[in-house]
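Student: I have a new model open and I'd like to learn how to read it. Can we go through it feature by feature?

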Amino acid sequence: MAFIRDNKNIVKGDELWLFIGTSESTKPICFSTSHQLSRSLSTSSVSSKDHGNTSYVVPGEGSWTCSTEALMSIKGNGGPELENKTSYAFEELMDIYDSPDPLVYVTFGKLSKYNNGGIVDKEGAEEWTIGTPNWTGKGYITSLQASGGHGDTATMSIEITGLGTLTKNTGA
């Protein structure tokens, strides 16, 4: 019998990631510190005098956004072309934002193999990949910010507004 206090299925914040890309091949953002996926559903009131003092609503349009906060790095890892990157940093995100078609593909979920020690400068480290289930979609970079104060580490944030549906992938 499983008890509610059995916490083996709890996802640690370090394991939850957002990958992006200019094609369906998505990659992480360098030095991310947090990721967020938000979904919302608008509703329309269908209350009438017949309903008395009770409010009734029907579902309307759904929308989604995702965002990442990260320590700021100018260049990501990998080759000079966006498709050859193993991770994205501020310069590549600015290039996507400034492109004629700033559409990005996103994948959000738990890492398939989480290495508690990270992958920075580790011999034989595997690239991080997102396991299943995960959620994928397309969207536009609608906000990209960089900031830094005197004596602080510079940070950046990115927000992507979804275009269309967010699809659940189960790997089945």
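Tutor: Let's begin with packing. A nonpolar core is a set of buried Ala, Val, Leu, Ile, Met, Phe, Trp, Tyr and Cys residues joined through side-chain atoms within 4.5 Å. Buried means under 20% relative accessible area, exposed over 50%, and partly exposed in between, with a 1.4 Å probe and protein chains only. One caution: this is a predicted model, where local features need pLDDT of at least 70 and side-chain atom pairs count only at pLDDT 80 or more, while totals for chains, interfaces and linings use all residues. Residues are numbered from 1 along each chain as its sequence is written, and side-chain values use heavy atoms, with hydrogens and water left out.

Student: Which residues touch the most other members of the largest nonpolar core?

Tutor: That core has 19 residues, and the best-connected are I20, I29, L93, V106, I141, I158 and I160. At least two residues each come from β1 (16-21), β4, α1 (90-98), β5 (103-111), β6 and β7. The top contributor is β7, with four residues. There is also a second, separate core of five residues, including F19, L111, W128 and I130.

Student: How are those helices and strands assigned?

Tutor: They're DSSP runs numbered from the N terminus: helices are H or I over at least four residues, strands are E over at least two. Here you get one helix and seven strands, in the order β-β-β-β-α-β-β-β.

Student: And which strands pair up with β4?

Tutor: Two strands pair if DSSP finds at least two bridges between them. Strand β3 (residues 32-45) runs antiparallel to β4 (residues 57-71), with 12 bridges joining them; S44 sits across from V58 there. Strand β7 (residues 155-169) is also antiparallel to β4, through seven bridges, and E69 faces S157 in that pairing.

Student: What does T68 touch, leaving out residues up to four places away in sequence?

Tutor: Contact means heavy atoms within 4.5 Å. T68 lies in β4, and its list is L18, I29, S32, S34, H35, M156, S157 and I158. With H35 there's a side-chain to side-chain polar contact at 3.1 Å. Such a contact is a pair of N or O atoms within 3.5 Å; within protein, one must be able to donate a hydrogen and the other to accept it, and residues adjacent in sequence count only if both atoms are side-chain atoms. T68 counts as buried because its relative accessibility is 2%.

Student: Is S147 buried or partly exposed?

Tutor: Partly exposed, because its relative accessible area is 44%. S147 belongs to β6 (residues 130-147) and, beyond four places in sequence, contacts A154 and T155. Its C-alpha is 8.5 Å from that of M72, 75 residues away along the chain.

Student: How many disulfides are there?

Tutor: A disulfide is a covalent bond between the sulfur atoms of two cysteines. The test is a pair of cysteine sulfur atoms within 2.5 Å, and the count here is zero. As for individual cysteines, C30 is buried because its relative accessible area is 8%, and C66 is buried because its value is 2%.

Student: What about the chain as a whole?

Tutor: Buried residues make up 30% of its 172 residues. Among contacts between residues at least 6 apart in sequence, 63% join residues at least 24 apart.
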